[in-house]
Amino acid sequence: MTKVARNSPCPCGSGKKHKRCCQQKETDLMQQPLPAGRFRYESGSYGGPSREYFPSIICYKETDNGGWTSHFCLVKPDTGCPDEDSATRIASQHLAAAQSTADAGGGPQGFAMSLRHAGYKNVPDFQVVSGEDS
């Protein structure tokens, strides 16, 4: 993960300097304790045939009985793609880069910051739709 300089434009795309936008939020996030439990991530696409597809990453959280439940979904809203495969390919590349950051010593917080700097945003009230449901 690249460190963003204070006077650089904020990677969130607001047009503000990093120090006036997300720097304090990121500092606070890095200091928060991590939630308990195991998580896994999958790349995919968010959208549909009547509109563009966007790269997405869904987080699954392990349940007490050893199963998995969807926990949250991240979408890169500034990268519309004409098909699901293109969007999934982009999300896979970003997910691999974030995992490399975590493996190189950035840990879970570095993983999260990598995706944030790539432009991913949380989608509230998302719904998982499998291929059979569409």
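**Strand pairing and side-chain packing in the predicted model**

Val 75 has Lys 121 of strand S4 as its bridge partner, and this pairing is one of the two bridges through which S3 and S4 are joined in the antiparallel sense. The model in which this pairing is found is a predicted one. Strand S3 covers residues 68-75, and S4 covers residues 121-122. Together with S1 and S2, these strands form an open sheet of four strands in the order S1-S2-S3-S4, with antiparallel pairing. Within this sheet, S1 and S4 are the edge strands, each of them pairing on one side only.

The sheet is set within a protein whose secondary structure consists of two helices and four strands, arranged along the sequence in the pattern α-β-β-β-α-β. Of the 134 residues in the protein, 31% are buried, and the accessible surface amounts to about 8600 Å², with 48% of that area belonging to carbon and sulfur atoms. When contacts between residues at least 6 apart in sequence are considered, 50% of them join residues at least 24 apart.

Strand S1, which spans residues 39-47, pairs with S2 over nine bridges in the antiparallel sense, and the two strands form a hairpin in which five residues lie between them. At one of the positions in this pairing, Gly 47 has Tyr 53 of S2 as its bridge partner, while Tyr 46 stands opposite Phe 54, likewise a residue of S2. On the other side of the hairpin, S2 is joined to S3 by seven bridges, and these two strands also run antiparallel. Among the residue pairs that link S2 and S3, Ser 56 is partnered with Val 75 of S3, and Tyr 60 is partnered with Ser 70 of S3. Val 75 thus takes part in bridges to Ser 56 and to Lys 121. The hairpin of S2 and S3 has five residues between its strands, and in it Gly 66 adopts a positive phi near 90°.

The burial of S2 was examined next. Strand S2 (residues 53-62) is largely enclosed by the rest of the structure, because eight of its ten residues are buried. Cys 59 has a relative accessible area of 0% and is therefore buried, and Cys 81, with a relative accessibility of 6%, is likewise counted as buried. A disulfide is a covalent bond between the sulfur atoms of two cysteines; in this model, a search of the whole structure returns zero disulfides.

Aromatic side chains provide a link between the sheet and helix H2. The search of the whole structure identifies one aromatic pair, formed by Tyr 41 and Phe 111, whose ring centres are 4.7 Å apart and whose planes meet at 45°, so that the pair is classed as tilted. Because Tyr 41 belongs to strand S1 and Phe 111 to helix H2 (residues 84-117), the pair ties together parts that are 70 residues apart in sequence. The two partners fall into separate accessibility classes: Tyr 41, at 29% relative accessibility, counts as partly exposed, whereas Phe 111, with a relative accessible area of 7%, is buried.

Charge-over-ring arrangements are found at Arg 40. The charged end of this residue sits over the ring of Tyr 60, at 4.5 Å from the ring centre, and also over the ring of Trp 68, at 5.0 Å from the centre of that ring. Tyr 60, one of the two residues whose rings lie beneath the charged end of Arg 40, has Ser 70 of S3 as its bridge partner.

The surroundings of Tyr 46 were also considered. Tyr 46 is a residue of strand S1 and counts as partly exposed, its relative accessibility being 32%. With neighbours within four places in sequence set aside, Tyr 46 is in contact with Glu 52, Tyr 53, Phe 54 and Ser 56, with Cys 73 and Val 75, and with Val 123 and Phe 126. Phe 54, one of these contacts, is the residue of S2 that Tyr 46 stands opposite, and the contacts also include both Ser 56 and Val 75, which are bridge partners of one another. Glu 84, although 38 residues from Tyr 46 in sequence, lies 8.0 Å from Tyr 46 in space, C-alpha to C-alpha.

How values were computed
Residues are numbered from 1 along each chain as its sequence is written. This is a predicted model: local features need pLDDT of at least 70, side-chain atom pairs count only at pLDDT 80 or more; totals for chains, interfaces and linings use all residues. Side-chain values use heavy atoms; hydrogens and water are left out. A disulfide is a pair of cysteine sulfur atoms within 2.5 Å. Buried means under 20% relative accessible area, exposed over 50%, partly exposed in between (1.4 Å probe, protein chains only). Contact means heavy atoms within 4.5 Å. Accessible areas come from the Shrake-Rupley method with a 1.4 Å probe; for residues, only the protein chains shown count as cover. Two strands pair if DSSP finds at least two bridges between them. Rings of Phe, Tyr and Trp (its six-membered ring) pair if their centres lie within 6.5 Å; planes under 30 degrees apart count as stacked, over 60 as edge-to-face and the rest as tilted. A charge sits over a ring if NZ of Lys or CZ of Arg is within 6 Å of the ring centre and within 35 degrees of the ring normal.
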